[in-house]
Amino acid sequence: LEAWWNNSPRFHGTPRKEAAAQSIAVLPFVNLNRDKEHDIFSDGLTEELINALAQVEGLRVVARTSAFHFKGKTDDIRAIGSRLGVRTILEGSVRRADDRLRVTAQLINTADGCHLWSRQYDRRLQDVFELQEGIARAVVDELRIRFAGNRITRQHSSDPETYTVYLEGLHQWNRRTRPGILKAVECFQRVLSRDAGMAPAWAGLANCYAMLPAYGDMTACKALHNTRDAVRKALAIDENLAEAHVALAFATAVYEFDWSSAESHFRRGLDLNPNYAYAHLLYSGVVLGPTGRLEEALIRHQRASELDPISAVTAAATGACWLMLGQFEEAISACERALTIDATHPWAYRWLGEAWFMKGMYDQAEDAFSKIAEPVFAAGFLGSCYARTNREPLARKLLRQLEDQSASCPMLAIQPAVLRLVLGDVDGAFGWLHKACDAHATGVHWLNVEPVWDILRPDSRFADVLRRLRLAD
């Protein structure tokens with residue numbers, strides 16, 4: 001590993017300056033109605049076009065997060081193209097009046113800011129899928145990319161109102177917050193009560209279920225059951241739905257510790273959609289990293305950063321990978337970059353705090369950990385900062401609170417484990433690590449490589465814990 005590190009190029013998660021030959025960013029279509037309801041619709045139209053073009057082989061498509069960074073901004077198209085590393089940009093506007101839509105779209109060359117084409121579409125709301133197909137097909141034709149399928153875009157429900165609720169679900173899911181995910185579940189369930197044959201809604205529901213335990217809102221057992229059920233229904237309708245395969249991959253890794261099966265599901269999802277930045281991140285974070293393949297994980301992070309260069313999620317996940325490699329300065333740099341994009345991102349504070357903690361900079365670590373609202377992420381690490389700065393009574397008070405809370409929220413179990421370790425109670429730490437394995441607690445899958453546990457690795461009991469995670473080898 002040391003030889004690899006010394007000879008490898010340093011990657012900081014910054015976007016490439018050179019643009020791929022066939023590359024595009026779809027900027028958020030402007031909502032000319034200027035109200036929240038239609039804003040969700042115009043954002044959804046944008047995301048559907050991003051997802052559709054991402055399926056086109058040979059075309060690199062910038063992910064939603066980075067494209068939406070420019071929502072409401074008036075940056076020069078050439079500057080946006082340089083920052084995102086793309087040759088072309090698709091932008092436009094949407095106006096809706098009752099059941100009528102007027103959509104304008106322009107494809108622009110980022111080298112000189114000139115229009116390659118500009119078109120206006122007047123359609124009924126129920127024809128929105130054909131409108132999306134027309135725009136996507138025009139882009140592919142202009143870029144002279146051969147597309148083998150009959151359609152580029154996906155056909156959803158024939159009911160426009162059901163589709164509108166689906167778009168709201170996507171909007172809420174993309175917030176990646178606890179309230180957002182809970183609202184997305186509600187939206188997708190409403191969609192499916194109206195149209196149970198809408199495969200993307202089943203996939204959206206599966207992704208929500210898979211993530212809820214991380215916030216302490218669902219047990220791992222229930223999440224696994226719900227995710228598998230939603231994925232099964234999604235794939236029965238559309239077996240080529242990358243989002244469904246990736247949701248199953250995540251749940252299989254984190255809630256079953258079945259690393260090889262999870263890897264197969266991730267690879268299937270990425271074969272179907274190589275432009276799926278979020279899938280590259282999850283593959284790295286819940287299979288490659290935990291199984292010790294950190295060099296491969298960094299390569300996946302680099303690919304994700306090329307697809308999604310202005311993403312707090314991507315930058316923070318890259319920081320996590322550097323942390324596991326023991327490169328704490330690199331981890332701090334990546335997490336601080338994430339926080340310049342989203343100053344509230346909890347995982348950026350989580351990995352930033354641990355990097356500072358491993359460097360012995362406990363005040364900086366405490367400052368980072370204290371900014372995380374959900375105790376499941378880092379409450380034990382916060383208590384560890386108290387213990388390291390001569391506030392042991394405060395640390396022990398927090399420990400009692402965490403152990404009490406874990407009865408109703410077993411996903412917390414890693415937090416008492418790390419705090420007992422720092423307080424010098426090794427036996428107690430091992431007890432909580434076994435509870436964390438039982439609960440598939442948030443973060444337990446990182447035990448094999450997370451540096452805070454290095455002090456326990458010579459103890460034979462740690463190998464027992466890794467065997468329970470199916471990571472002993």
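A salt bridge here is a side-chain nitrogen of Lys or Arg within 4 Å of a carboxyl oxygen of Asp or Glu. By that rule, a search of the whole structure turns up 33 of them. We'll visit a few, but let's get our bearings first.

**Colour by confidence**

What you have open is a predicted model, so start by colouring it by pLDDT. The protein averages 92, and 95% of the residues score at least 70. Now select residues 1-17, where the pLDDT is below 50; in the model, this stretch has 33 contacts beyond near neighbours in sequence. Don't lean on those: where pLDDT is low, the predicted coordinates should not be read in detail.

**Stop at the salt bridges**

Show K71 and D39 as sticks. Their side chains meet in a salt bridge, 2.9 Å from N to O. Which parts of the chain does the pair link? K71 sits in the loop between helix 3 (64-68) and helix 4 (77-84), while D39 belongs to helix 2 (residues 36-54), so these are distant parts of the chain, 32 residues apart. K71 is partly exposed at 33% relative accessible area, and D39 is partly exposed too, at 24%.

Next, select E263 and R267. Here the salt bridge has an N to O distance of 3.5 Å. Both residues lie in helix 11 (residues 259-272), four residues apart, or about one turn of the helix. Is E263 buried or exposed? With a relative accessible area of 14%, E263 is buried, whereas R267 is partly exposed at 40%. Add R293 and E296 to the selection: salt bridges that share partners join E263, R267, R293 and E296 into one network.

One more pair: D425 and R420, whose side chains meet at 2.6 Å, N to O. D425 is partly exposed, with a relative accessible area of 26%.

**Into the core**

Now hide the charged side chains and look at the nonpolar ones. In soluble globular proteins, nonpolar side chains tend to be buried together. The largest nonpolar core in this model has 170 residues, and those touching the most other members are F29, L53, L90, Y166, L433, L447 and W453. Helix 10 (residues 242-256) gives the most to this core, with 11 residues.

Select L447 and show what surrounds it. Leaving out residues up to four places away in sequence, L447 touches I414, L433, W453, R457, F462, V465, L466 and L469. Apart from the big core there is another one, of 11 residues, which includes L27, L84, I108 and I310.

**Walk along helix 19**

Select residues 392-405. How far apart should the ends of helix 19 be? At 1.5 Å a residue, its 14 residues should span 20 Å, and the end C-alpha atoms are indeed 20 Å apart.

Show A395, L398, L399, L402 and E403: these are buried. They cover an arc of only 135° around the axis, which puts them on the same side of helix 19. On the other side, you'll find P393, R400 and D404 exposed. To see what the buried residues of helix 19 pack against, bring up helix 18 (375-388), helix 20 (414-422) and helix 21 (426-439).

**Three single residues to finish**

Go to T110, in the loop between strand 5 (100-109) and strand 6 (115-124). At 9% relative accessibility, T110 counts as buried. Its contacts, leaving aside neighbours within four places in sequence, are I77, R78, G81, V86, R87, T88 and I89.

Then jump to E366 in helix 17 (residues 362-369). Despite its charge-bearing side chain, don't look for it on the outside: E366 is buried, with a relative accessible area of 17%. Not counting neighbours within four places, E366 is in contact with L382, C385, Y386 and R391.

Last stop is L352, found in helix 16 (residues 346-358). L352 is buried, at 7% relative accessible area. Beyond residues up to four places away in sequence, L352 touches I332, C335, E336, L339 and A368. To get a sense of scale, draw a distance from L352 to V26: these residues are 326 apart along the chain, and their C-alpha atoms are separated by 31 Å.

Key: Residues are numbered from 1 along each chain as its sequence is written. This is a predicted model: local features need pLDDT of at least 70, side-chain atom pairs count only at pLDDT 80 or more; totals for chains, interfaces and linings use all residues. Side-chain values use heavy atoms; hydrogens and water are left out. A nonpolar core is a set of buried Ala, Val, Leu, Ile, Met, Phe, Trp, Tyr and Cys residues joined through side-chain atoms within 4.5 Å. Buried means under 20% relative accessible area, exposed over 50%, partly exposed in between (1.4 Å probe, protein chains only). Helices (H or I, at least four residues) and strands (E, at least two) are DSSP runs, numbered from the N terminus. Contact means heavy atoms within 4.5 Å. The expected span of a helix is 1.5 Å times one less than its number of residues. The arc is that of the directions from the helix axis to the C-beta atoms. pLDDT is the predictor's confidence in each residue, from 0 to 100.
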